[in-house]
Structures are given as C-alpha cells and as structure tokens.
Amino acid sequence: MASPSCASTLPWTAAFSPSSSSASTSSPRGLHTRRAPSLVIVAQGKVKKYRQVILMDDIEEVGGKKGDTMKVRAGFYRNFLLPKGKATLLTPDVLKEMELEQVRIEAEKKRVKEEAQQLARVFETIGAFKVPRKGGKGKQIFGRQVVLVKQFSVCLPFPCPHPLTKIPCTLHSVTSQDLVEIIKSQLNRDVDKRLVEVPEIREVGEYVAEIKLHPDVTAKVRLTVYAK
C-alpha cells in the first residue's frame, strides 16, 4: 500500500499542467457549442411618404377631379398642391365637413326635382295654351318670313364673283320662343327656350310640346293652334 506522503512528492506544476487543465475543461462527448448568428446588413432605399388629400381643383398630373380623395406623394403635395391651393389634407374634421356638404347637396337636388315635378303638374293640368295664327288655305297657317344665306360648295379654278345667294324660307309657324312667351304672359314663369321642344306645326289643331324641366322630369304641354 502506498504511503499517504507519496502524493506530496509530486511537483506543483504537474498538477496544473496544460494537458491536465484542458482535459478537465473539455466538453463532454456529444455536447456541441452554439455559434453566434452572423449579422447581415442590407442597404435599403428611401421610404416614400404619401398623404391622403382632397382635391380642390382638377389635377391632370394625378388624373383627379375636383372633390376626389386620393393618396399623393408627400413632396408633390408640399411643393405643388399646397402652395397653389389645389388640395388639402383629409383630416377627420375635413371628412366630417365633406359629409355634411354632401347631405346639403342631396337635399338641394331633392328640392329642385320636387319643384320641377310640381311645375310639370301645373303645365299638365292647366289646360291647353291657345296660340292664334293667321290662317291660310284650308287648315294651313302662315309662319314668319326669313332670309337664309347659302354658300356654294362647288370648287372652281377661279374666284366666283357671286359666292353667296339669298334664299327665302318659311319657318314653322309656332316655335319654342312662341311657347316661352306664352308661358311668361300667362303664368309669369321664365322658361329657357333651349329646354322646349315643339313639334312641326303648319296647320291648326291640337299639339303637344315638351319641356325638360329636370333630367328626370319632362312636362307635357298642350297647344291649341287656331286661325284668327
């Protein structure tokens, strides 16, 4: 049996030699150490900023019409739209005002249509407007004499000494202007003659004209044309 004093005879450096140190600190078999993940830096482009705006005018550059809401680049809004007063940011307050304005517009449209419907009922229940005209042969009535100027369309190799000619012509005896004047005198209402459509009238009799009072309302107006 070895004496206990034998261990004390070992050199101090031998107990702490590199080989023994490495053996004591070596990892157990099968245990792998984790490697730190590598950091990859990727260059990124500049982020484009946009603004939600409402257009105050037609903007050809973005294909928008007045009142449209759309997203535009922040720089375009800051440098062009805002200084020229062509757009404003779509904030909650602006959005609420837009909704109120739309309500007012719809109410006004409804009022205009109801007035047109009421006037159409007046025209259709008031009876026929009497239109006196100078009588001619049989049931024919005379119209207004006018002069039309007609230009020749023939191409000549030399200047034509008489490029214009005057041609007498007879208009319809009852025109849109006639009906507008009758309505003004009898109902004291102004009607745009461009909204009035009168059929061709060359004889005495009963006729029906139309007045476009509203895109959705057309009044039927009866006419009684008689010879005086």
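## Salt bridges and overall build of a predicted chain

The side chains of aspartate 216 and lysine 113 meet in a salt bridge, with 3.7 Å from N to O; the term stands for a side-chain nitrogen of Lys or Arg within 4 Å of a carboxyl oxygen of Asp or Glu. This pair links distant parts of the chain, since aspartate 216 lies in the loop between β8 (205–214) and β9 (217–227) and lysine 113 in helix α4 (residues 92–125), 103 residues apart. The model is a predicted one, in which local features need pLDDT of at least 70 and side-chain atom pairs count only at pLDDT 80 or more, whereas totals for chains, interfaces and linings use all residues. Residues are numbered from 1 along each chain as its sequence is written, and side-chain values use heavy atoms, with hydrogens and water left out.

Aspartate 216 counts as exposed at 57% relative accessibility, while lysine 113 is partly exposed at 30%; here buried means under 20% relative accessible area, exposed over 50%, and partly exposed in between (1.4 Å probe, protein chains only).

Across the whole structure, the search finds 11 salt bridges, and the table lists some of them.

| Pair | Closest N to O distance |
|---|---|
| Aspartate 216 and lysine 113 | 3.7 Å |
| Arginine 202 and glutamate 200 | 2.9 Å |
| Lysine 220 and glutamate 210 | 2.4 Å |

In the second row, arginine 202 is partly exposed, having a relative accessible area of 38%. The salt bridge between lysine 220 and glutamate 210 likewise links distant parts of the chain, from strand β9 to strand β8, its partners being 10 residues apart. Lysine 220 is partly exposed at a relative accessible area of 41%, and glutamate 210 is also partly exposed, at 28%. Salt bridges that share partners join Glu97, Glu101 and Arg104 into one network.

As for the chain as a whole, its secondary structure comes to 5 helices and 9 strands, where helices (H or I, at least four residues) and strands (E, at least two) are DSSP runs numbered from the N terminus. Read from the N terminus on, the elements follow the order α-α-β-β-α-β-α-β-β-β-α-β-β-β. Of the 228 residues, 19% count as buried, and the accessible surface, computed by the Shrake-Rupley method with a 1.4 Å probe, comes to about 18400 Å², with 56% belonging to carbon and sulfur atoms. Among contacts (heavy atoms within 4.5 Å) between residues at least 6 apart in sequence, 48% join residues at least 24 apart.
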